[in-house]
Amino acid sequence: MVTTQDAKLFHCPALTALKAVSGKWKTRILWLLRDRPHHFNELKRTLPGVSAKVLTEQLRQLQDDGIIQRQEETRDGVLHMVCSYSDYGRTLIPVLDALGQWGLCHSDRSHSVR
């Protein structure tokens, strides 16, 4: 039988955060959106190798988690989907910055160890 104390040991807040941004493209999408909103086609062009279907799925998941918002914008009679951070999602930027910094340090370290 699992006790309340045991359940607390299995809960890992870092895992909760990582699940929100896990996926091949989510961190790349979020990295791009940190500077400014992007149109769907702009994200597609900037992320070579991602299909429209997968990009749509990843954006929907980020939207469902409240991290980004997607808004329709009409320009010259053409409908565009614009993606940007939500206010809640912007709280994730310092976390991504810290992960990026760690990645840079780890990359330097792993190259010197090999």
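**Salt bridges and a nonpolar patch in a predicted model**

Q: How many salt bridges does the rule give here, and what is the rule?

A: The count is four salt bridges. A salt bridge is a side-chain nitrogen of Lys or Arg within 4 Å of a carboxyl oxygen of Asp or Glu. This is a predicted model: local features need pLDDT of at least 70, side-chain atom pairs count only at pLDDT 80 or more, and totals for chains, interfaces and linings use all residues. Residues are numbered from 1 along each chain as its sequence is written, and side-chain values use heavy atoms, with hydrogens and water left out.

Q: Which parts does the salt bridge of Asp-97 and Arg-34 tie together?

A: Start with elements. Helices (H or I, at least four residues) and strands (E, at least two) are DSSP runs, numbered from the N terminus. The Asp-97 and Arg-34 side chains meet at 2.2 Å, N to O. Asp-97 lies in helix H7, and Arg-34 in the loop between helix H3 (26–33) and strand E1 (38–39), so the pair ties together parts 63 residues apart in sequence.

Q: Are Asp-97 and Arg-34 buried or exposed?

A: The scale comes first. Buried means under 20% relative accessible area, exposed over 50%, and partly exposed in between (1.4 Å probe, protein chains only). Asp-97 is partly exposed at 29%. Arg-34 is also partly exposed, at 24%.

Q: Where do Lys-53 and Glu-57 lie?

A: Both are in helix H5 (residues 52–64), four residues apart, about one turn of the helix. Their closest N and O atoms are 3.6 Å apart, in a salt bridge. Lys-53 is exposed at 59% relative accessibility, whereas Glu-57 is partly exposed at 36%.

Q: Which residue meets Arg-75 in a salt bridge?

A: Glu-73 does, at 3.4 Å, N to O. Arg-75 is partly exposed at 42%, and Glu-73 is partly exposed at 31%.

Q: Which residues form the nonpolar patch on the surface?

A: Patches are made of residues with over 30% relative accessible area and no salt bridge; like charges are joined within 9 Å, nonpolar side chains (Val, Leu, Ile, Met, Phe, Trp, Tyr) within 5 Å. Here the patch is Leu-15, Leu-18, Val-95 and Leu-99, with about 330 Å² of accessible area together. Areas come from the Shrake-Rupley method with a 1.4 Å probe; for residues, only the protein chains shown count as cover.

Q: Which elements give two or more residues to the nonpolar patch?

A: Helix H2 (13–21) and helix H7 (93–113). Leu-15 is found in helix H2. Leu-15 is partly exposed, at 43% relative accessibility.
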